[in-house]
Amino acid sequence: MMKSIRVELAGSPDFKPMRDPHGEADLSTMKELSGVTLDRKFLEEMIPHHGSGLSTLHRALPHLSIEEMKKIARENFRIQAEQVGQMRLM
């Protein structure tokens, strides 16, 4: 769905993600962990990651003009908020 919207907006479905050196370092660290230590590190990284996504979605929603994008944003907000709650309980 998002690829077809990207074609509509940018003329191409291609997307080149930006390099994230901090994320790469975090993944490198996580590869060295296991068990409860890895579980804890995963939660420590994912809760703020989803929180940042929620903030972005909250700011973007009122300004989106394509109905499908609004639908995707609302659904992602709902899912990520639910997941943050679950992860905090863990």
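This report describes helix α3 and its packing in a predicted model.

Residues are numbered from 1 along each chain as its sequence is written. In this predicted model, local features need pLDDT of at least 70, side-chain atom pairs count only at pLDDT 80 or more, and totals for chains, interfaces and linings use all residues, while side-chain values use heavy atoms, with hydrogens and water left out.

Helix α3 covers residues 35-60; helices are DSSP runs (H or I, at least four residues) numbered from the N terminus. From first to last C-alpha, α3 reaches 37 Å, close to the 38 Å expected at 1.5 Å a residue, the expected span being 1.5 Å times one less than the number of residues.

| Helix | Residues |
|---|---|
| α2 | 21-31 |
| α3 | 35-60 |
| α4 | 67-89 |

The buried residues of α3 (under 20% relative accessible area, 1.4 Å probe, protein chains only) are Lys41, Leu43, Ile47, His50, Leu54 and Leu57. These buried residues pack against α2 and α4.

The largest nonpolar core (buried Ala, Val, Leu, Ile, Met, Phe, Trp, Tyr and Cys residues joined through side-chain atoms within 4.5 Å) consists of Leu43, Ile47, Leu54, Val84 and Met87. Both α3 and α4 give two or more residues to this core, and α3 gives the most, with three residues. Beyond its neighbours within four places in sequence, Leu43 is in contact (heavy atoms within 4.5 Å) with Pro48, Met87 and Met90.

The axes of α2 and α3, lines fitted to C-alpha atoms over the stretch in contact, come within 10 Å and cross at roughly 165 degrees. The two helices α2 and α3 are therefore roughly antiparallel, a term for angles over 145 degrees. Their contact is made by Asp26, Thr29 and Met30 of α2 and Leu38, Lys41, Phe42 and Glu45 of α3.

Note on methods
Buried means under 20% relative accessible area, exposed over 50%, partly exposed in between (1.4 Å probe, protein chains only). Axes are lines fitted to C-alpha atoms, for helices over the stretch in contact, and angles run from 0 to 180 degrees between N-to-C directions. Angles under 35 degrees count as roughly parallel, over 145 as roughly antiparallel, 65 to 115 as roughly perpendicular and the rest as oblique.
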